[in-house]
Amino acid sequence: MVTITNAHTELIHDAVLDYYGKRLATCSSDKSIKIFEVEGETHRLVETLYGHEGPVWQVDWAHPKFGVILASSSYDGKVLIWREENGRWSQIAVHAVHSASVNSVKWAPHEYGPLLLAASSDGKVSVVEFKENGTTAPILIDAHAIGVNTASWASAALQDGAAPQQMRRFVTGGADNLVKVWKFNPDANTYLLEDTLEGHSDWVRDVAWSPSVLLRSYLASVSQDRTCIIWTQENSQGPWKKTLLKEDKFPDVLWRASWSLSGNILALSGGDNKVTLWKENLEGKWEPAGEVEQ
């Protein structure tokens, strides 16, 4: 158990380990990103990255096949891309197509290439591809009229034998209380709305697409309404089925949902500073699988 204290001067909004679990990136309202090397019980601060002009909400590591690359999103409306080479960190790209806070940033499964998905309070999501010589023209999509809080890619392995490029999907959650599923259309070179999922009565704070490679797709959405909904779809087609994770409401707002790498355990965190773990039983009901006090 590694505990890192006094890393930032203000609230920490995200902390993400890289693919190998050797580096940790944290980001904060103090407008900085910190990179730690983690080994066993010990950690060492190796770099502090400055470049954002507002609170930094989220960071995400690219797959190592693209190099040591980190993306960060901020209240300043920008996504910054950072790269480490020979121990030195530098800012290699700025993605500045949004007119309001960028609340979420996520790299696609590496099978799709170096694609980045950003979600913004301006109501749009953008997908941009990073090449050695810069970025491609971003795809901009009007997603949720009053603002997009979160977005998450589908696992590449779910796609029934189709070329990964053809089956790219992601999910978004908005301030309009809706969850939306989007699918890439190669002819139009954009993402088209596949499904709109209604079930929350307040802002959707986070959505997470399970990485599991089962025949069934699992989505988890958490909301300001203190509920978590599990959405399931058979064989990447047909209707999404809605299941409340538990009948009664959670004690506080739910902020984040995260699946284990195997996709069968769901972790939820919220305003009460607790992390609860959940798993599905053989009858398809969700049951508690533990709790982590923070």
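C27 counts as buried because its relative accessibility is 0%, below the 20% limit under which a residue is classed as buried. C228 falls into the buried class as well, because its relative accessibility is 1%. Both values derive from a predicted model. A disulfide is a covalent bond between the sulfur atoms of two cysteines. The structure holds zero disulfides, where such a pair would require cysteine sulfur atoms within 2.5 Å.

From these two cysteines the view may widen to the protein chain as a whole. Its secondary structure consists of 25 strands and zero helices. Of the 294 residues in the protein chain, 50% count as buried; C27 and C228 are among the buried residues.

The overall dimensions come next. Along the principal axes, the C-alpha atoms of the protein chain occupy a box of roughly 50 × 50 × 35 Å. The radius of gyration of the protein chain is 18 Å, which agrees with a compact globule, because a globule of 294 residues would have a value near 19 Å. As for the contacts within the protein chain, those between residues at least 6 apart in sequence include 43% that join residues at least 24 apart.

The surface and the charges complete the description. The protein chain exposes an accessible surface of about 14,100 Å², and carbon and sulfur atoms account for 50% of that area. Its side chains include 27 positive and 37 negative ones. The centres of these two sets of charges lie 1 Å apart.

Technical notes: Residues numbered from 1 in each chain as written. Predicted model: local features only at pLDDT ≥ 70, side-chain atom pairs only at ≥ 80, totals over all residues. Heavy atoms only, no water. Helix = DSSP H or I, 4+ residues; strand = E, 2+ residues; numbered from the N terminus. Rg over C-alpha atoms; globule rule 2.2 N^0.38 Å. Buried < 20%, exposed > 50% of the residue type's maximum accessible area, 1.4 Å probe, protein only. Contact = heavy atoms within 4.5 Å. Areas by Shrake-Rupley, 256 points an atom, 1.4 Å probe, with all protein chains shown as cover. Lys, Arg positive; Asp, Glu negative; His and termini not counted. Charge placed at Lys NZ, Arg CZ, Asp CG, Glu CD.
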